[in-house]
Amino acid sequence: MLRLKKDFFSIADRKGWINMNVIVSKTYEEMCQKAARLIAAQLTLKPDSVLGLATGSTPIGIYQELICKYQEDRLDFSKVTTVNLDEYVGISEDNEQSYRYFMNHNLFDHVNIPKKYTYVPNGSTDRIEEECEDYEQLIEQLGGVDLQLLGIGGNGHIGFNEPCGEFPEYTHLVDLKQETIEANSRFFSSMDEVPKQAVTMGIGTIMQAKKVVLVANGVGKAKAIYDTLFGPVTPNVPASILRFHPDVTVFVDEEAFSMVAQKH
């Protein structure tokens, strides 16, 4: 069932078991402003929040909005701790394509968060299994994630949890799908340079976050958003499991929402 009130949609099944709030914006810029306001509200209410952060092109505008709020003295990151969703395997953190580099460049270097409180999986270690276990323990020791920011892949992946036969529970090593490798190739000089594996939080870890914010823009994400909101809950569309999380807000632009708008 789709309940409409201007640009705010509440999606629930007939018995009310599934509930997701969807906020549709006309543009990517407007979407980022709205998502940043929600994150800023989280930090205002709980200055020592644990934020789960995402990389990729979609969150960049959100991070820019948060930086602006910090520069205007409207936001303080000094007590915040962050844990990132994932990292490529085989790339050092000083590599420009690493997610540690991405986070430093797009957020951490521009706000007053102590770097020692920013955590990204180590994809360059030769102890990947131990790294996954350590990362899972870290999140547990922090008391879990207060707000988890997610992007979504064209195939419905969240983090680097690719479509597969089951929902992975914990932080783990994953082989990236060919479509994900091709999508990420735009950031590299050649296809051969694109990593084929990554370390990622598992679906179970993501679902334990107290609040989830999913963001998507562009027509290339329209089917993934439709399947997430209205398709069957299946590991073939990893993001679909979010329908069973108690507190999810989805921010999309009109292009990403276009398939839902056409069918509903």
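**View 1. Helix H5 and the lining of the largest pocket.** In this predicted model, helix H5 supplies four residues to the lining of the largest pocket, which is the largest share of that lining. The pocket itself has a volume of about 680 Å³, and among its 33 lining residues those closest to its centre are Thr 55, Gly 56, Ser 57, Asn 184 and Arg 186. The elements that give two or more residues to the lining are strand E6 (86-88), helix H3 (99-106) and helix H5 (178-184). When the lining residues are sorted by chemical character, 13 are nonpolar, 15 are polar and five are charged. As background to such a view, rolling a probe the size of a water molecule over the atoms shows where empty space is left.

**View 2. Strand E12 and its surroundings.** Strand E12 spans residues 248-253, and because six of its six residues are buried, the strand is largely enclosed by the rest of the structure. In a regular strand the side chains alternate between the two faces of the sheet. Along E12, Val 248, Val 250 and Val 252 point one way, whereas Thr 249, Phe 251 and Asp 253 point the other way, and all of these residues are buried.

**View 3. The partners of strand E12.** Strand E3, made of residues 19-25, is joined to E12 by five bridges, and these two strands run parallel; within this pairing, Asn 21 of E3 stands opposite Thr 249 of E12. Strand E11, made of residues 211-216, is also joined to E12 by five bridges in a parallel arrangement, and here Leu 214 stands opposite Val 250 in E12. To pass from E11 to E12, the chain crosses through helix H7, residues 222-230, and this β-α-β crossover is right-handed.

**View 4. Strand E8 and its partners.** Which residues of strand E8 point one way, and which the other way? Leu 147 and Leu 149 point one way from this strand of residues 147-150, while Gln 148 and Leu 150 point the other way, and all are buried. Strand E4, residues 50-53, is joined to E8 by two bridges, and the two strands run parallel; the bridge partner of Leu 51 in E8 is Leu 147. E8 also pairs with E11 in the parallel sense, over four bridges, and in that pairing Leu 149 stands opposite Val 213 in E11.

Methods:
Residues are numbered from 1 along each chain as its sequence is written. This is a predicted model: local features need pLDDT of at least 70, side-chain atom pairs count only at pLDDT 80 or more; totals for chains, interfaces and linings use all residues. Side-chain values use heavy atoms; hydrogens and water are left out. On a 1 Å grid over the protein atoms alone, a cavity is a set of points where a 1.4 Å probe fits but cannot get out, and a pocket is an open set with protein on both sides within 12 Å along at least five of seven lines; lining residues have an atom within 4 Å of a point. Grid points are joined across faces, edges and corners, and a volume is the space filled by probe spheres set on the points. Ala, Val, Leu, Ile, Met, Phe, Trp, Tyr, Cys and Pro count as nonpolar, Asp, Glu, Lys and Arg as charged, and the others, Gly among them, as polar. Buried means under 20% relative accessible area, exposed over 50%, partly exposed in between (1.4 Å probe, protein chains only). Two strands pair if DSSP finds at least two bridges between them. A crossover is right-handed if, with the strands pointing away from the viewer, the path from the first strand over the helix to the second runs clockwise.
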